[in-house]
There are 2 protein chains.
Amino acid sequence: MDNIYSQRIEMLRSLMSSKGWDAVVISGSDPHSSEYPSDRWKQVQWLSGFTGEAGDLVITLDHAGLWTDSRYFIQAISQLEGTGVELHKTRVPEEVPIPLWLKQEFGDDAIIALDGLSVAACDALDLPGTVISVPDMLNKFWEDRPAIPQTPVYTIETGESRQQKISWLREKISASGFDAALVSSLDNVAWMLNVRASDIEYNPLVISYLLVTKDRVLWYVIREEDIDEQTQACFDEISAEDIDILPYSDIEYITSEFDGKILLESSINYNIYSSLKAANAEFELQRSPIALRKSIKNPCEIEAMRQAHITDGVAMVRFLYYLERSLDAGRELSEWDLALKLEDIRSESEDYTGDSFQTISAYGPGAALPHYITPKDDAPVLRQSGLYLNDSGAQYKTGTTDITRTIPLGDCTALEREDYTLVLKGHIALAKAVFPVGTAGCQIDALARNALWENMRNFGHGTGHGVGYFLGVHEGPQDIRQNFNSTPLCPGMITSIEPGIYREGMHGVRHENLYLCEEAGTNGFGSWLKFEPLTLCPFDCSILELDLLDRNEKRWLNDYHKKVYETLSPLLPEHIAQWLKEKTAAI
Amino acid sequence: MDNIYSQRIEMLRSLMSSKGWDAVVISGSDPHSSEYPSDRWKQVQWLSGFTGEAGDLVITLDHAGLWTDSRYFIQAISQLEGTGVELHKTRVPEEVPIPLWLKQEFGDDAIIALDGLSVAACDALDLPGTVISVPDMLNKFWEDRPAIPQTPVYTIETGESRQQKISWLREKISASGFDAALVSSLDNVAWMLNVRASDIEYNPLVISYLLVTKDRVLWYVIREEDIDEQTQACFDEISAEDIDILPYSDIEYITSEFDGKILLESSINYNIYSSLKAANAEFELQRSPIALRKSIKNPCEIEAMRQAHITDGVAMVRFLYYLERSLDAGRELSEWDLALKLEDIRSESEDYTGDSFQTISAYGPGAALPHYITPKDDAPVLRQSGLYLNDSGAQYKTGTTDITRTIPLGDCTALEREDYTLVLKGHIALAKAVFPVGTAGCQIDALARNALWENMRNFGHGTGHGVGYFLGVHEGPQDIRQNFNSTPLCPGMITSIEPGIYREGMHGVRHENLYLCEEAGTNGFGSWLKFEPLTLCPFDCSILELDLLDRNEKRWLNDYHKKVYETLSPLLPEHIAQWLKEKTAAI
């Protein structure tokens, strides 16, 4: 086999033989369990060629396997061809997860090596046998391995000073019996310090750790000595607040920086976990209290998020106008062209720093895959019929957006019209819901599905996820899905509502807005919450089956469209404002 | 204090002093954790005078306290007057549960005595200090303590032989690594052996234990030597199947009857738990596999349940007809009169063996209490206005029923009409739901609440509970409520749907039917379930606010009423059938 990936795996196997390792586990994550690891940590891709967002490799002396889920089966089969790596399917009934597979192969006697930097401790602890952490294991083979990114760092206004946040965290952990906390998720670090950068794709984050002890705050961050002005100003501001800025790699000396018991995030990497263990440090893994606090946006963040959504709404309306006019004019447009066009329009805003995830620009059958990846080459070209789905979002310095619109391009089948309408009916049912304080997402998820269920239709993904304030587009701890997540929805939380329908080989529909959870009043029955739409962009009404919507649903849609028009039209050129007026006319 | 209860407590205290006990815990349960313990185990009532269905006593040398929840606060305050027993509120934010209270009083050093027969092991294990089980502790003071009931025992047809059930249980426990199972919940025993009796109020059960080992089946049941013919025939039939019938009290020798590991139900009493512990027996507490199996009714049970509901529907229609005609004729009727009248009508069926719980017959403000107890003396008299609520059920030899109807007696306020309609709207929304296989009750509970939530109204109890086949009217493991019970609803399960609204001092509304969960087909989106109504009785349409119901809701109601009329009218006298025709006319 002369495949480059099989060669790399053989190199790793010779290391394994010389060290006496039975198996190596390579994870697709980074030291901070980031959703989008930077290129440096694309170890799975370097070893196997597989580029999917979720996948773990296990290499033994006579087997190489990639564990991934159904979103990536087809991609994995194609990309693994000739590598000698076999696909192991996860999230299927017959799944044999990695720990079980290793146990079946080796019993409890194996020596398993892994790069503890890129594996979460909770995953490493599930493995059988003796687990050895070998940080940066692939460095000796991977000559041009990318460095840790070092993009400019800057501070932002969030309505709450870092000193307030540090005091709050100290009180919180002290009340739970801790003397220190290691903040290791990058969005938690960014939230604590009110800093942003672009170290991570789609996420405005700085690769770093933050240690908060009873009397000190230490920020472990990598930056060359010759740093840019903006970063210097940020560092100066932070240093002036008695926060020590240390080299990123100094995190290995963390045990000398605190006394007593330290709180680690549940997603902490195995390298830090095992050094603390080796040093006999007192620690506990828990969901960080920052997660819930960060999910509840303060008035300053809410106001900024509203602004971000106005900016994004203007971009989306311009994009939809462009799409309609271009098709009317007979211009040939591919899915890829449209993804680029939308990025172009969004990037005209001076607040825009990038997309918040990879745009799904999908026409016809492509849209039937909820996690469709638009191909750069030979992307399907739109025709004047059927449905085009665009799921995209942006990072503005004022906030994070995420929106899906499904656009009829001309003639649509009865089934397309019905699916389109039923999904919107489900969206509206949840969007206009009023619910008691204390309600968790899984308790109202059915409201978004009921219109589909009545017609024996459904969708296989969650109804909604939390969204950060100029942070990750996927943010916990709340969500709206069938899983029993007991976190109640709280005023100030921002969550998507995005039901869909997917028909393989035919079409896909998804309607997504972001909503702010707000108080709706108190009466004899208790206190109430509701959703306020943040996303401002019309839903196309041209193919709605109006008799499937009741009068309350129509009223919600008309009210929403009125708000869209009134907010956006003053910010649009006259001819697009006029177009928007037609698109938002009452039904 | 010459109050009889304070005297009894003082007697107990002298025993405590002589034995060196710091506290005695008296629970309101029986050795089988039955919902309705027989009089023999009304120890809380004997000691304190409190008659509520839920309450536990803690007696120390200088304090006596009753722990109960808000349903019984008013009753407890009144009944505990002069006894020296103080009310401790449970299920309130400031609750100090018994284990914590004892810990605050005594730290971990107390000697706590309890009647292990009437306390669940899981509760006893929560207590601090040294816990001593003193079976039948009160016997020496309680001279006329009632005996264990011994009502006639009989076998019933259930579509599945006891040998089939025993084989199934043996396979089930063996697959989980057990060598024996002790069946201790009375409904599980009755289900296993296809026997019924009337040892427990409202429940057709035999007080007994069943031990199933790899090669033996032992039934521990109390019956005098001179037993009735029916019971003798039942015992003969069971003995002929090589099931050993042993005295109830022989359960204390259980450890000699099996080798290996025994499965105990999670609700096992502390007495059995501690004897097994003392004998070093190998055991584990788990939810019995019988619970899920029993909840899924087989075709024979389903057919019988349908029959029971036809019988009950006829009785209910006759009752509603009587109510309307009597009021029209100006007859004076109290809540109590009506409860009796309904019992009379139901008891005309030869299959009727009793009510399935205490009838709630409530007019006006009484109905605003979901757990209202109709007073025997001076019960409120109905007038020709407002709402009368009747929540009742029967045990027929063919099955168990549970129904609530809210009846407008004449003029109703706009609020009464609106509440009445919104609750029905919620009921219908859930009743007509179609949902995917795997859905748990908590995931669809909101469908029954959404119509209320939209108007910022709600109810504080569960939406639905499982119902047994001529067994308990409340039966797990499934339910429909906000709590995160992950048990999916399965075809064959019978569950109530009973949303409500309660306005203190004004009125209460509840609309309850029982539904059978059924398959609704399979398509590209998966497999689907739906509810089929078992309860057959009209909902009064005279005060419906018709514009609050959409056309699908009206269609459901008309279809349901058509089924009610077609099924029941042939079984009713001509004039009542005619009345039913009007009551079930399409809206």
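Helices (H or I, at least four residues) and strands (E, at least two) are DSSP runs, numbered from the N terminus. The model in your viewer is predicted, so local features need pLDDT of at least 70 and side-chain atom pairs count only at pLDDT 80 or more, while totals for chains, interfaces and linings use all residues. Residues are numbered from 1 along each chain as its sequence is written, and chains are lettered from A and ligands numbered from 1 in the order in which they are written.

**Stop 1: a strand with a cis bond**

Select A:Pro477, whose place is in strand β23 (residues 475–480) of chain A. The peptide bond that leads to A:Pro477 from A:Gly476 is cis, with omega near 0 degrees. Now move to chain B, where B:Gly476 and B:Pro477 are joined by a cis peptide bond with omega of about 0 degrees, and where B:Pro477 lies in strand β23 (residues 475–480) of chain B.

**Stop 2: two loop residues**

Select A:Tyr202 in the loop between β9 (195–196) and β10 (208–213) of chain A; its phi is near 65 degrees, a positive value in a residue other than glycine. Then select A:Asp242 in the loop between α8 (229–239) and β12 (243–246) of chain A, where phi is likewise positive, near 65 degrees, in a residue other than glycine. Which of the two words, buried or exposed, fits A:Tyr202? A residue is buried if 20 or more other C-beta atoms lie within 10 Å of its own, exposed if 12 or fewer, and partly exposed in between, with C-beta atoms placed from the backbone. A:Tyr202 has 20 other C-beta atoms within 10 Å and is therefore buried, whereas A:Asp242 has 11 and is therefore exposed.

**Stop 3: helix α15 of chain A**

Select residues 551–568 of chain A, the 18 residues of helix α15, which at 1.5 Å a residue (the expected span being 1.5 Å times one less than the number of residues) should span 26 Å; the end C-alpha atoms are 25 Å apart, which agrees. Colour the buried residues A:Glu553, A:Leu557, A:Tyr560, A:His561, A:Val564, A:Tyr565 and A:Leu568. They cover an arc of only 135 degrees around the axis (the arc is that of the directions from the helix axis to the C-beta atoms), which puts them on the same side of α15(A). On the face turned away from that buried side, find the exposed residues A:Arg551 and A:Glu566. The buried residues pack against α11 (299–328), α13 (414–431), β28 (526–533) and α16 (574–583) of chain A.

**Stop 4: helix α16 of chain A**

Continue to α16(A), in which A:Ile576, A:Trp579, A:Leu580 and A:Lys583 are buried. They cover an arc of only 100 degrees around the axis, which puts them on the same side of α16(A). On the other side, A:Glu574, A:His575, A:Gln578, A:Lys581 and A:Glu582 are exposed.

Add α11(A) to the selection: α11(A) and α16(A) pack at an angle of about 85 degrees, with their axes 10 Å apart. Axes are lines fitted to C-alpha atoms, for helices over the stretch in contact, and angles run from 0 to 180 degrees between N-to-C directions. The two helices are therefore roughly perpendicular to each other (angles under 35 degrees count as roughly parallel, over 145 as roughly antiparallel, 65 to 115 as roughly perpendicular and the rest as oblique). Where they meet, A:Val317, A:Arg318 and A:Tyr321 in α11(A) are in contact with A:Ile576, A:Trp579 and A:Leu580 in α16(A), contact being C-beta atoms, placed from the backbone, within 7 Å.

Technical notes
Contact = placed C-beta atoms within 7 Å.
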